[in-house]
Amino acid sequence: RIYRATEVHRVLEDAGVEALFLKGLAMIPLFPAESTRPMQDIDVLVRRSDFDAATAVLAQQGWSVLSDDSEATRRYDHAANLGNDRGEELDLHWRLAPGAFADNTGDPWESSRMVTLAGHQIRVLGATYQLYHSISHGLAWDKEPSLHWIPDAAFVVESSGDSIDWERLLSLADSNHRGVAVREGLRLLSNGFGVEVPDSALESAGNPSGPERREAWCLRHIGPRSIWGGIPDRWYLYRRVATSLSERPTPWGYLRYLRWRWMPHGSFGSTIKSKIGDRIVVARRRT
């Protein structure tokens, strides 16, 4: 996967598409050895305007888009899943994460840096954005959660020296409705794992309000529990996406978003089957 990533980086850069690597590949240079940071796929971020060019270049290298590539997906989602005939997977991002970033939170490329991986140079997020991404992505609710974010975040802080802008980190989190998650993550890193976090960052949490209340609730529960199921959580996610698109969230927009989330291909039966399967997984995890 490391070799394949450096190959992807080379062909994209040769085509004039600036690629920024995320998650496992970005973390490997920070770990004691390459084998100590597991990863299942390759995550690459390109600018939204470069997405079509990137898929065309990667198609020439044997990569094909496996996920839905509709206009709604481009609008509401953050990445497409690609695969090749070797069974390898690549997530090509046009957003860093769902709903990120709001227009007033800057450009993740502005502080990006080059690191050496297997003798090749690749571009990764700067320390502040990388710490934000590790925590906010790690604390997003998932039926199969991962704990990779804890050592990831710890190594980012340990290796960054004084380069983390803690005020900017919290501004990123607040602007993208991830303030509660990031602050909870910082407290866990500090209190549970001895990671050095400034007191100012730990003390800055206030009482959650608006969509942040939903974020706080989600962090303390194993999945939706109300009679409404995941509808409130989807509303929260839709608001994040609408904010990133500089749009006002509306009930009609939310219905279109639900239609895309629940029936991306228009198959009601397959959607219901998938949702029942997800519920079974959650129920087993609770017991």
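These legends accompany close-up views of a predicted model.

**Figure 1. Overview of the protein chain.** The predicted chain holds 13 helices and seven strands. It has 287 residues, and 47% of them count as buried. Take the contacts between residues at least 6 apart in sequence: 62% of these join residues at least 24 apart.

**Figure 2. Helix α7 and its buried residues.** Helix α7 spans residues 166-175. Its buried residues are Trp166, Leu169, Leu170, Leu172, Ala173 and Ser175. An α-helix has 3.6 residues a turn, so residues three or four places apart point the same way. The buried residues of α7 pack against four helices: α5 (127-138), α6 (149-160), α8 (179-193) and α9 (199-202).

**Figure 3. The two ends of α7.** Aspartate 165 caps the N-terminal end of the helix. One of its side-chain oxygens lies 3.3 Å from the backbone nitrogen of glutamate 167. Histidine 177 follows α7. The phi of histidine 177 is positive, near 55°.

**Figure 4. Helix α5 against helix α7.** Two packed helices are described by the angle between their axes and the distance between the axes. For α5 and α7, the axes come within 9 Å and cross at roughly 45°. An angle of 35 to 65 degrees counts as oblique, and α5 and α7 are therefore oblique to each other. Their crossing is right-handed. From α5, the contact draws on Thr128, Tyr129, Leu131 and Tyr132. From α7 come Trp166, Arg168, Leu169, Leu172 and Ala173. By class, the contact of α5 with α7 has seven nonpolar residues, one polar and one charged. Trp166, Leu169, Leu172 and Ala173 are also among the buried residues of α7.

**Figure 5. Helix α5 against helix α6.** The axes of α5 and α6 come within 9 Å and cross at roughly 165°. Angles over 145 degrees count as roughly antiparallel, so α5 is roughly antiparallel to α6. The crossing is left-handed. On the α5 side, the contact is made by Ala127, Gln130, Leu131, Ser134, Ile135 and Gly138. On the α6 side, Trp149, Asp152, Ala153, Val156, Val157 and Ser160 take part. The contact residues divide into seven nonpolar, four polar and one charged. Leu131 of α5 appears in this contact and also meets α7.

**Figure 6. Helix α1 against helix α3.** Helix α1 covers residues 2-14, and helix α3 covers residues 51-59. They pack at an angle of about 120°, with their axes 10 Å apart. That angle makes α1 oblique to α3. The crossing is right-handed. Val8, Val11 and Leu12 of α1 meet Ala54, Val57 and Leu58 of α3. By class, the contact has six nonpolar, no polar and no charged residues.

**Figure 7. Serine 112 and its surroundings.** Serine 112 sits in the loop between β5 (89-93) and β6 (113-117). Is this residue's place in the loop buried or exposed? Serine 112 counts as buried because its relative accessibility is 15%, under the 20% cut-off. Its side chain reaches the backbone oxygen of tryptophan 109 at 2.9 Å. The serine 112 side chain also makes a polar contact with the side chain of arginine 123, at 3.2 Å. Not counting residues up to four places away in sequence, serine 112 touches Leu20, Arg123, Val124, Leu125 and Gly126. Arginine 123 thus appears both as a polar partner and in the list of touching residues.

**Figure 8. Isoleucine 231 in helix α11.** Isoleucine 231 belongs to helix α11, residues 231-244. Its relative accessibility is 31%, so isoleucine 231 counts as partly exposed. Which residues does isoleucine 231 touch, not counting those up to four places away in sequence? They are Tyr254 and Trp262. Leucine 258 is 27 residues from isoleucine 231 along the chain. The C-alpha atoms of isoleucine 231 and leucine 258 are separated by 8.6 Å.

**Figure 9. Lysine 23 and its backbone angle.** Lysine 23 lies in helix α2, residues 23-27. Its phi is near 55°, a positive value in a residue other than glycine. At 23% relative accessibility, lysine 23 counts as partly exposed.

Note on methods: Residues numbered from 1 in each chain as written. Predicted model: local features only at pLDDT ≥ 70, side-chain atom pairs only at ≥ 80, totals over all residues. Heavy atoms only, no water. Buried < 20%, exposed > 50% of the residue type's maximum accessible area, 1.4 Å probe, protein only. Helix = DSSP H or I, 4+ residues; strand = E, 2+ residues; numbered from the N terminus. Contact = heavy atoms within 4.5 Å. Polar contact = N/O pair within 3.5 Å; in protein donor to acceptor, adjacent residues only side chain to side chain. Axes fitted to C-alpha atoms, helices over the stretch in contact; angles between N-to-C directions. Parallel < 35°, antiparallel > 145°, perpendicular 65-115°, else oblique. Left-handed = near helix turned anticlockwise from the far one by under 90°. Nonpolar A, V, L, I, M, F, W, Y, C, P; charged D, E, K, R; others polar.
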